[in-house]
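Got your viewer open and a selection box ready? Load the model below and follow along stop by stop.

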Amino acid sequence: MILLGTYCFTTVPSTAPAYPSLPLGSYFDLHKPLLYSKPSKFTSLVINGHRRNCDLFDLHHEQVPYEVAWSWQKEIVRDKRAQIEKEGDCNDTLIILQHPPVYTLGTASTVENLKFDMKNAPFNIYRTERGGEVTYHGPGQLVMYPIINLRMHKMDLHWYLRTLEEVVIRVLSSTFSIQASTVEGLTGVWVGNEKLAAVGIRVSSWITYHGLALNVTTDLSPFKWIIPCGIRDRQVGSIKELVREGVGHGRADLHHLNDASLIHITHKSLLEEFSQAFQLEYSYKSISSAMLYERK
């Protein structure tokens, strides 16, 4: 089944059960504000020597249904636009989480890149307003949704995309000793012929949403049912596979880590490198599962 964005497409109702895969307690953990102080080579704006404040919703252990997270992002964007109109600026926001299995289509997507009948799809499919082609989200993949005011960073979408990619490249290098790169003419982060991270964004009045997805311990078999990002001559990879194959010399200690540990250290590194790239100080926020479900 293909589910379409409400503001630019007709909505098709889902027959899937109501979000059985969100094992949340009454409230997510509330953490103390965190500031990373390592020097950065990035060029995001720092005002009067101070980093911008970023509200962080750290749900990296949770599998939040795609439609819930999507609706939540759009609500935050609306709130930020209203706040900027009144006050001239707003806090940035970062959401980090996982999704249950789902396929998403971007504005450039074509059905030719699906290897199944859409009437009998293995998972729900959502056509979204982000850029790019079809991709898969699922457990073991860390997804970051930055909702930031580019007016206060740099009003340059190419800079923003390249900076997101650089965040992942630095995570792979600093944490796993894996040398990754970008590929000219393509978005995302690659190790050899394998794509480890996909990037797809939308910007509204210079406020970003959607973001990046990094395969950590992801089951890669669902990618076989699509042509990921519409690229036929390249493969998809994960950190777990590369670590097991011995990619990343000098980090033999990583070979024995279980999936939960790989997710944990990757998530920690993503937050650190993101804060450096965009010169942000995190304020950890909590949200009740009831409030989250209201956004479906």
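Here is a walk through helices, salt bridges, cavities and a few unusual backbone angles.

**Before you click**

This is a predicted model, where local features need pLDDT of at least 70, side-chain atom pairs count only at pLDDT 80 or more, and totals for chains, interfaces and linings use all residues. Residues are numbered from 1 along each chain as its sequence is written, and side-chain values use heavy atoms, with hydrogens and water left out.

**Stop 1: helix α1**

Select residues 66-87, which make up helix α1. Helices here are DSSP runs of H or I with at least four residues, strands are E runs of at least two, and both are numbered from the N terminus. The 22 residues of α1 reach 31 Å from first C-alpha to last, close to the 32 Å expected at 1.5 Å a residue; the expected span is 1.5 Å times one less than the number of residues.

Now colour by burial: buried is under 20% relative accessible area, exposed is over 50%, and partly exposed is in between, using a 1.4 Å probe and protein chains only. Among the buried residues of α1 are Trp70, Trp72, Lys74 and Lys80. Step off the end of the helix to Gly88, where phi is positive, near 90°.

**Stop 2: the Arg52 network**

Which residues does Arg52 join in one salt-bridge network? Show the side chains of Arg52 and Asp89 to see a salt bridge at 2.8 Å, N to O. The term covers a side-chain nitrogen of Lys or Arg within 4 Å of a carboxyl oxygen of Asp or Glu. This pair links distant parts of the chain, with Arg52 in strand β2 (residues 52-63) and Asp89 in the loop between α1 and β3, 37 residues apart.

Add Asp92, which also forms a salt bridge with Arg52, with closest N and O atoms 3.1 Å apart. Arg52 is in strand β2 and Asp92 in strand β3, so this contact ties together parts 40 residues apart in sequence. Check accessibility as you go: Arg52 is buried at 8%, Asp92 is buried at 0%, and Asp89 is partly exposed at 23%.

For another salt bridge, jump to Arg162 and Glu165, whose closest N and O atoms are 2.7 Å apart. Both residues lie in helix α2, three residues apart, about one turn of the helix. An α-helix has 3.6 residues a turn, so residues three or four places apart point the same way. Arg162 is partly exposed at 37%, while Glu165 is buried at 1%. As for the earlier question, shared partners join Arg52, Asp89 and Asp92 into one network. A search of the whole structure finds five salt bridges.

**Stop 3: α2 meets α4**

Stay in helix α2 (residues 157-176) and pick Thr175, which is buried at 13%. Put a distance label from its C-alpha to that of Ile265: 7.8 Å in space, with their positions 90 residues apart in sequence. Next select helix α4, residues 259-278: its 20 residues should span 28 Å at 1.5 Å a residue, and its end C-alpha atoms are 28 Å apart, which agrees. Gln279 follows α4 with a positive phi, near 55°.

**Stop 4: β9, β10 and two positive phi angles**

Trp206 sits in the loop between β9 and β10. Its phi is near 70°, a positive value in a residue other than glycine, and at 28% relative accessibility Trp206 is partly exposed. Move to His210 in strand β10, where phi is near 60°. His210 is buried, at 2%.

**Stop 5: the cavities**

How many cavities of 30 Å³ or more are there? There are two. A cavity is a set of points on a 1 Å grid over the protein atoms alone where a 1.4 Å probe fits but cannot get out, and lining residues have an atom within 4 Å of a point. Points are joined across faces, edges and corners, and a volume is the space filled by probe spheres set on them.

The largest cavity holds about 80 Å³. Of its 13 lining residues, Thr135, Ala198, Asn215, Phe223 and Val236 lie nearest its centre. Strand β9 gives the most to this lining, with four residues.

The second largest cavity holds about 40 Å³, and Trp190, Lys195, Pro228, Ile231, Arg234, Gln235 and Val236 line it.

Notes: 1 Å grid on protein atoms, 1.4 Å probe; cavity = no way out; pocket = protein on both sides within 12 Å on 5 of 7 lines; lining within 4 Å.
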